[in-house]
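Please read this report alongside the sequence and the model shown here.

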Amino acid sequence: MKKISLFLFVALLASAFTSCVVLSPKKYKALLAKQDSLSNGWTQSQLMNENLESLIAKLRKDTTGLSSALNDMKSRYSEMDNNYSKLRSNSSNEINKLSADLKKREQRLKEVEEILRKRDEATNKLKEKLQQALLGFTKNGLTVEIKNGKVYVSLTDKLLFPSGSIIIDEKGKQALTQLADVLKQQPEINIAVEGHTDSQKITNLGQIKDNWDLSVLRSTSVVRFLTEICKVQPVRMTATGKGEYQPLGPNTSAESRSKNRRIEIVLSPKLDELYDLIKQ
């Protein structure tokens with residue numbers, strides 16, 4: 001409408017001038033050029049206006065998208081914050097549980113250490129008592145020592161048996177009797193009797209077939225004497241034969257073989273209380 005009005009205005013003006021004044025060709029051309037310039041400016045203004053409206057529409061669309069994205073991010077942040085709060089609460093509970101469990105374990109460890117301390121103390125006292133009771137037999141190959149928390153009383157075969165025999169001689173009975181006196185005062189001690197031999201093959205020993213037989217039979221002879229004659233409780237006793245397979249040294253000399261031929265009485269404290277703690 002504005003463009004049409006402009007043209008009408010120009011036409012009327014031209015008509016007025018034409019009716020009143022005769023324009024020169026030069027002025028007429030200048031007027032026409034000015035008219036074209038105004039027309040081009042108007043067209044450019046219209047294009048700029050359309051571009052501006054398109055840009056505004058795009059900005060509005062982008063703003064709507066950003067607002068939606070912002071709302072989505074706020075929702076996700078709220079969800080993450082809730083999850084973090086729950087995780088923190090759960091972690092705190094787990095830490096408390098672990099702390100309580102750790103305290104219980106520390107308490108059990110202290111109890112175990114106390115039991116082991118008492119065991120070691122009792123073992124040392126037992127060793128001292130045995131050494132005093134059996135002092136007169138140390139020259140005949142008797143030793144008392146502690147290994148792995150146990151007391152080992154080792155008696156060479158010459159202290160207990162005649163050569164190649166499973167029958168305990170008088171000196172051996174005397175030593176075992178004095179040993180039994182100490183053992184009967186220690187009811188919480190388990191007793192394992194182990195028979196050991198050298199590597200020499202058995203010959204001319206009748207029913208005894210080999211070193212296995214000899215080690216087992218000598219072990220059971222000691223157990224029978226301790227239980228039947230000395231009245232040590234049988235429930236505390238174990239008899240085993242190790243044969244030639246746990247020597248103290250090489251079987252390369254008569255002296256070394258003599259040390260390998262022995263009865264070992266292994267004394268170990270009952271650890272039921274300790275095992276109960278470990279099971280927990």
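The text below describes a sheet, the helices that lie against the sheet, and a cavity.

In this predicted model, 5 strands form an open sheet in the order 1-2-5-3-4, with mixed pairing. Strand 1 (142-147) and strand 4 (237-243) each have a single partner strand and stand at the edges, so one side of each is left without a neighbour in the sheet. From one strand to the next, the twist averages 20°.

Strand 3 (residues 189-196) and strand 4 run parallel and are joined by 6 bridges, and across this pairing Glu194 stands opposite Thr240 in strand 4.

Helix 2 (residues 25-133) packs on the sheet, whereas helix 4 (residues 170-183) lies across strand 2, strand 3 and strand 5. The table sets out the strands concerned and the angle for each helix.

| Helix | Strands | Angle |
|---|---|---|
| Helix 2 (25-133) | strand 1, strand 2 (150-156), strand 3, strand 5 (262-269) | about 175° with strand 1 |
| Helix 4 (170-183) | strand 2, strand 3, strand 5 | about 5° to strand 5 |

Where does the lining of the largest cavity come from? Strand 3, helix 5 (211-229) and strand 5 each supply at least two residues of this lining, which is made up of Asp157, Phe161, Gly195, His196, Ser215, Arg218, Arg261, Arg262 and Ile263. By class, the lining has 2 nonpolar, 3 polar and 4 charged residues. The structure holds 1 cavity of 30 Å³ or more, and about 30 Å³ of space lies in the largest cavity.

Technical notes:
Residues numbered from 1 in each chain as written. Predicted model: local features only at pLDDT ≥ 70, side-chain atom pairs only at ≥ 80, totals over all residues. Heavy atoms only, no water. Pairing = 2+ DSSP bridges. Helix = DSSP H or I, 4+ residues; strand = E, 2+ residues; numbered from the N terminus. Axes fitted to C-alpha atoms, helices over the stretch in contact; angles between N-to-C directions. Contact = heavy atoms within 4.5 Å. 1 Å grid on protein atoms, 1.4 Å probe; cavity = no way out; pocket = protein on both sides within 12 Å on 5 of 7 lines; lining within 4 Å. Points joined across faces, edges and corners; volume = space filled by probe spheres on them. Nonpolar A, V, L, I, M, F, W, Y, C, P; charged D, E, K, R; others polar.
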